[in-house]
Every structure is written in structure tokens, then in C-alpha cells.
Amino acid sequence: MKKLKSTYQTLGSFGEKSIQILFCMVAIFSLIIYGEPKVGGYGRFSEISNTLVYFPVGFNLFVWSVATIKLIPKNHVFISIFGLFFSSLIFWLTIGEMSSHERQFYNTFLLFNAFGVVLFLLQKHKAHGLQTIVSGVLYSIILVGLFVKPIGLSIGIKSKHDFKATDYMYYDEAKTIVKSKNTHKGYDEIGERLEYHKNGKLKYYENKDFPEDFPRVSYYENGNVEMIHWNRRLKIGQDYVKTNYSISFDEKGMPKRESYGEGPTMEYHYNGFVFSTGQNKNGEPSGKWYWYTYIDGGRVVDSIPDISKSPNGWDRLRGLRANRLRNKDTATYKVRYDQKLMNGASHYRPDSIYEFALDLKNRFDQKVED
């Protein structure tokens, strides 16, 4: 008998808090609605005006806040019920302006409000045990809705956008060249994201499903690789460290810079020979860095003992570095670069990542008829 009484008291204690718990659920669900992406047409509410969404949701949250914090503690139950009824009526009147997948979210608020009315009535009669049972029924419906598609759709916990992958294709004015292609399922970008130059050649590629298995690659309009960026695992000693790897090229295919977020970094002269080397640690330059001769990269001409202790702006003030930056395209540099183009980049060999970038072009370049 004592055990049964103790169980009933425990249920009663939970029942007393059931209204506050449901209010928190309404508040969280409202914040999810307010956080819906409105740019690009990918959010569940993106195709309708913000006011049509925000006003009913905001008013409903206001009613729940006043009822839970002010009215129910003072036993003003029927005023609270009238507030929920009026709020639900606003939802019902605006549902007709929406397509099916947008209406589903409103069904969730209607469900919460219906159970809220029952909990308010039970609160008036101090039937806390029954409040616990009613709350358990609500939580069971929500839990089943998360795993059973038809129920989830009917109560709004799930949306049709959660189950359908949609390709968003953007074309040029002539409707002949694909400018970009993205695939979305629910809120998430999935699969391969592609962007193209005006001539139909691949401009950018990334795979959202496997960000650590496939690098992001960008290309120049002439088809040469511009940059390869890869979030990968690098073996340092006996340990594997998650780090970034990137390499960039100029428009003629010569390497410009190669770096690891955790590991070596190399910059190159115009003629393809190494210009500077150093180490990155936690994505920032660290330790000793070296600079090499222009002719063949074979001799150190300058160094910094600890680059992390150098003053701010050192890389712009040092004459050696400033005179070697690739964007200083003087006539002298241009001549040297042209002369060395055929044999000056002998240190660089395309590896499997570079071959992967070339394979992407063969797969995705659009065939444009002249």
C-alpha cells in the first residue's frame, strides 16, 4: 500500500510540472520556426511571407507564456483556455493560405494547444495523476511520429521535405548552360554541389555526403585547377591528426602555395621553385621559416627563428617577401616565368588528389556547341 501511495505521489509531482514541460516544448518548437532559413527557398516556410508565419507563432507563444507564468498559478484556468482557443483559431484561419508541407507545422501547435486545454482543466481540479497520464499520451504520439512517417506527417513533427531529395538547378538566360546544381533533403544539403563558368566548364565541386573523403576543388575558366582543399587525417609520428590540406595554382597550372593546417607549408616563385617553407600549428604559422633563392630554390637567403613572435604585419614589411609575392606581376618576372615554364616546375608531380580533380572535369564539364 505504501509503495502504491509513493508511486501515486511521484506521478502527481510530475503532473504538477506537466504544464511547464509542455510550455517549454511549445517555446522550443516556436524557436525552430523562427530559425527556419528564408534565403534560397529551402526552408519549410520559405515560400510564404514571414508575417503570415511569425504572427500566429509569436501570438501563440505569448498566450502560453502568460498562461503558464501568470494565469495558471492564480487558477485563472478558463481565461487560459480561451487564450489557447483564440490562438488555435488564428492558426486554423491562416492554414488555408499555405501548401500542405507548411500546414503540417501548424498541426503541431494545434496538437500542443489541445493537450494544453486538457492539462489546464485537470490543473483546476488538482488531478495531477491524470495530468501525468495525459502528458504520457502526448509524448508517446510525438515519439511514434518521429519514427512512423504517416503519423509524423499528420501531426507536423515531420515534413514532406524531410523525405524528399530535391535538385535545385540554375541555368543561364538561354536555358542551355547549368550555372549551378545543389541537392537538398529537408534542411540539409546533400550529394554533390556543382558550379559552372559561363562557358560550361566546371568551376567548383564538393561532396556534402563525404566531406572528409572528397576534397573541394575549384577551376579557372580555361579549365586548369585553381585550388584543391581537403579536410583529411594526417599521420604525424604514430598519431593521426585531423587537419586541412590545400594547394593552389595559377592560371597556367604552376603551383602557388601548398599547406597543411597541422604540418608543412610551401609557397612558390613564379618559375615554380620553392620560395618559402615553414610549419603550421593549429592552423597558424609556427616555428622557424625559410626563404630561398629565385633562380633554382636551392639556397636559403633569409629566415625567421620563430614566426609566431614576429610583429604584426611583418609579411608586408619585409622587402624580401614583398618582392617575391606572386601578385607583383612586373615585366621582369613575366619574362623569367615564360622562360622557365617548360622546365622550372620539376619539383611538382600531380598526385592522386590532382588526378581526382582532373577526373571531375571529365565527368562534369558541359559540352557546349560552338
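**Close-up views of a predicted model**

Lys175 is exposed, with a relative accessible area of 64%. The model shown in every view is predicted.

**View 1. Lys175 has a positive phi without being a glycine.** The backbone angle phi of Lys175 is about 60 degrees. This residue sits in the loop that runs between strand E1 (165-171) and strand E2 (178-185). Lys175 counts as exposed because its relative accessible area of 64% is over the 50% cut-off.

**View 2. Lys126 is another residue other than glycine with a positive phi.** Its phi is near 55 degrees. Lys126 belongs to the loop between helix H5 (100-124) and helix H6 (128-147). With a relative accessible area of 54%, Lys126 is exposed.

**View 3. A salt bridge joins Arg363 and Glu192.** The closest N and O atoms of Arg363 and Glu192 are 3.1 Å apart. This pair links distant parts of the chain, 171 residues apart: Arg363 is in helix H11 (residues 352-364), and Glu192 is in strand E3 (residues 188-196). Glu192 is partly exposed, at a relative accessible area of 22%. In general, side chains of opposite charge can pair when their charged atoms come close.

**View 4. Glu267 and Arg257 form a salt bridge.** Here the closest N and O atoms are 3.9 Å apart. The partners are 10 residues apart in the chain, with Glu267 in strand E9 (residues 263-268) and Arg257 in strand E8 (residues 255-260). Glu267 is buried, with a relative accessible area of 14%, whereas Arg257, at 33%, counts as partly exposed.

**View 5. Lys361 and Asp365 form a salt bridge, and both residues are buried.** The closest N and O atoms of this pair are 2.7 Å apart. The count of salt bridges in the model comes to 7. A network of salt bridges links Arg193, Glu195, Glu206 and Lys208.

**View 6. Ser180 is a buried residue of strand E2.** Its relative accessible area is 14%, so Ser180 falls under the 20% limit for a buried residue. Residues up to four places away in sequence not counted, Ser180 touches Tyr168, Met169, Tyr170, Leu194 and Glu195. One of these contacts, Glu195, also belongs to the salt-bridge network with Arg193, Glu206 and Lys208.

**View 7. Phe109 and Phe120 touch the most other members of the largest nonpolar core.** This core holds 34 residues. At least two of them come from each of helix H2 (18-34), helix H3 (50-71), helix H4 (77-95), H5 and H6. H5 supplies the largest share, 9 residues. Neighbours within four places in sequence left aside, Phe109 is in contact with Val26, Phe29, Ser30, Ile33, Val57, Asn60 and Phe91. Another core, of 20 residues, lies apart from the one around Phe109; Val178, Ile228, Trp230 and Ile353 are among its members. In soluble globular proteins, nonpolar side chains tend to be buried together.

**View 8. Leu138 is buried in helix H6.** The relative accessible area of Leu138 is 2%. Residues up to four places away in sequence excluded, Leu138 touches Leu22, Leu111, Phe112 and Phe115. Leu138 and Leu22 are 116 residues apart in sequence, and their C-alpha atoms are 9.5 Å apart in space.

**View 9. Six side chains, Phe82, Phe85, Phe86, Leu89, Trp92 and Leu93, form a nonpolar patch on the surface.** Together these residues have about 720 Å² of accessible area. Leu93, one of the patch residues, lies in helix H4. Leu93 is exposed, with a relative accessible area of 60%. Helix H4 also supplies at least two residues of the largest nonpolar core.

Technical notes: Residues are numbered from 1 along each chain as its sequence is written. This is a predicted model: local features need pLDDT of at least 70, side-chain atom pairs count only at pLDDT 80 or more; totals for chains, interfaces and linings use all residues. Side-chain values use heavy atoms; hydrogens and water are left out. Helices (H or I, at least four residues) and strands (E, at least two) are DSSP runs, numbered from the N terminus. Buried means under 20% relative accessible area, exposed over 50%, partly exposed in between (1.4 Å probe, protein chains only). A salt bridge is a side-chain nitrogen of Lys or Arg within 4 Å of a carboxyl oxygen of Asp or Glu. Contact means heavy atoms within 4.5 Å. A nonpolar core is a set of buried Ala, Val, Leu, Ile, Met, Phe, Trp, Tyr and Cys residues joined through side-chain atoms within 4.5 Å. Patches are made of residues with over 30% relative accessible area and no salt bridge: like charges are joined within 9 Å, nonpolar side chains (Val, Leu, Ile, Met, Phe, Trp, Tyr) within 5 Å. Accessible areas come from the Shrake-Rupley method with a 1.4 Å probe; for residues, only the protein chains shown count as cover.
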